[in-house]
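Let's take a walk through this protein together, starting from a single residue and working outward. Have your viewer ready, and feel free to pause wherever something catches your eye.

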Amino acid sequence: MQGKNPNELIELLKGHKVYLQTHNFPDPDAIASAFGLQKFLEYYDVKSTICYVGSIDRFNTRKMMDAFGIEIYSYEEIENMQESDYIVHVDCQKPNANTTNLPGIEIGCVDHHPVFKKTEDYVYTDITITGACASIVASYYYKTNTPMDENVATALAYGIKMDTDDLIRGTTSLDMDMIAYVHNYADWHKLHDMYSSTIEFHDLKAYAAAIENIEVFDYVGFTYMPFECPNSLVGIISDFILSLDVVDVAIVYSVNSSGIKFSVRSERPEIDAGKLIFDALSGIGSGGGHAAMAGGFIDDETLKKIGRGYDGKIKELFMQALKKLPT
């Protein structure tokens, strides 16, 4: 099995205070990956704390933390983070906009997203293009024959299934191999329970706005929610829009007090969602991701410069970027 040797990470982190930092507003894959990596390192006497910036704003994400006994802390809850502490980025990488600078030495990166800009000079870098970051973490257990407990296995299975949309989006052979591997250790009754009651009542307002505002140009579906939505909900609605029979590329955004949050999905092999949003927002915002799913952001200051006609401008930028992609 290809990829980095996780023993190098263990040796690098020994004797240091370690934080595992997910991307801002972490989703199930980010949390599962950090949790799995935390328990992996713990087996080799490397203790770590999982941290993030933003909020955990989805019912199913909070539910998984309770179900699997995951302890994760907002940066605002951490009082003694020092410049000498070691930080490993999990399911994210610098200089992406969804990875906030925290006090400490950014020593390592475990991620599954393509590199659109040069990454930080990490000492340990494991960027493997695969459907879910949880698959990379699961491979660490496999490569080293490290014992995996039931909660870790179930959380990793959930992360893989969520980020690959049940193994149909951006799935690689590593994802398939690792879902088979963790199957032997996971509690599949608990995993099934994670799929029940995942939509909260107030989410319906966002769905209604998305339906009301949708426009389809050829195979590209645009829609927006003119109010603040949890970041993860924007992604869920982009999956919803992509499920329409006339849409192969979904571009969804939500307007909030700090700017615009984007989510892009693509079912067309020739259209890389990460490259699309990176190109479309170049110069006015930031974006990235992998071939099937991506996210981005335009801050409020830039949005004010664009003016009241921002919706038309956004559509124009994405359509221009689509024309430039190789076919």
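**Starting from one tyrosine**

Tyr122 is buried, with a relative accessible area of 9%. Keep in mind as you look around that this is a predicted model. You will find Tyr122 in the loop between β5 (105-111) and β6 (124-127). What does Tyr122 touch, once residues up to four places away in sequence are not counted? Its partners are His89, Gln93, Lys94, Glu106, Ile107, Gly108 and Cys109. Among these, Glu106, Ile107, Gly108 and Cys109 have numbers that fall in the range of β5 (105-111). If you want to place Tyr122 against a distant part of the chain, try Ser286: the two are 164 residues apart in sequence, and their C-alpha atoms are 21 Å apart in space.

Now let's step back to the whole fold. The protein has 12 helices and 12 strands. Its radius of gyration is 19 Å, close to the 20 Å that the globule rule gives for 327 residues, so the protein is as compact as a globular protein of that length. Taken along the principal axes, the box filled by the C-alpha atoms is roughly 55 × 45 × 40 Å. Buried residues account for 54% of the 327 residues, and Tyr122 is one of the buried ones. For the contacts between residues at least 6 apart in sequence, 64% join residues at least 24 apart.

The surface is worth a look too. About 14600 Å² of the protein is exposed, and carbon and sulfur atoms supply 50% of that area. As for charge, there are 27 positive and 47 negative side chains, and the centres of the two sets lie 4 Å apart.

Next, turn to helix α6, which spans residues 173-183. Which of its residues are buried? They are Leu174, Asp175, Met178, Ile179, Tyr181 and Val182. Looking down the axis of α6, you would see these buried residues fall within an arc of 160°, so they line one face of the helix. The spacing makes sense: an α-helix has 3.6 residues a turn, so residues three or four places apart point the same way. The cover over the buried residues of α6 includes α4 (133-144), α5 (150-163) and α7 (188-193).

Helix α2 (28-43) makes a good next stop. Tyr43 belongs to this helix and is partly exposed, with a relative accessible area of 47%. Leaving aside neighbours within four places in sequence, Tyr43 is in contact with Thr146 and Pro147. The C-alpha atoms of Tyr43 and Met148 are separated by 9.6 Å, although the two residues are 105 apart along the chain.

Two loops beside α2 deserve a glance at their backbone angles. In the loop between β1 (18-22) and α2 sits Phe25, whose phi is near 50°, a positive value in a residue other than glycine. Phe25 is partly exposed, at a relative accessible area of 32%. In the loop between α2 and β2 (48-52) you will find Asp45, which also is not a glycine and has a positive phi of about 65°. Is Asp45 buried or exposed? With 72% relative accessibility, Asp45 counts as exposed, because the cut-off for that class is over 50%.

Definitions and conventions: Residues numbered from 1 in each chain as written. Predicted model: local features only at pLDDT ≥ 70, side-chain atom pairs only at ≥ 80, totals over all residues. Heavy atoms only, no water. Helix = DSSP H or I, 4+ residues; strand = E, 2+ residues; numbered from the N terminus. Rg over C-alpha atoms; globule rule 2.2 N^0.38 Å. Buried < 20%, exposed > 50% of the residue type's maximum accessible area, 1.4 Å probe, protein only. Contact = heavy atoms within 4.5 Å. Areas by Shrake-Rupley, 256 points an atom, 1.4 Å probe, with all protein chains shown as cover. Lys, Arg positive; Asp, Glu negative; His and termini not counted. Charge placed at Lys NZ, Arg CZ, Asp CG, Glu CD. Arc of directions from axis to C-beta.
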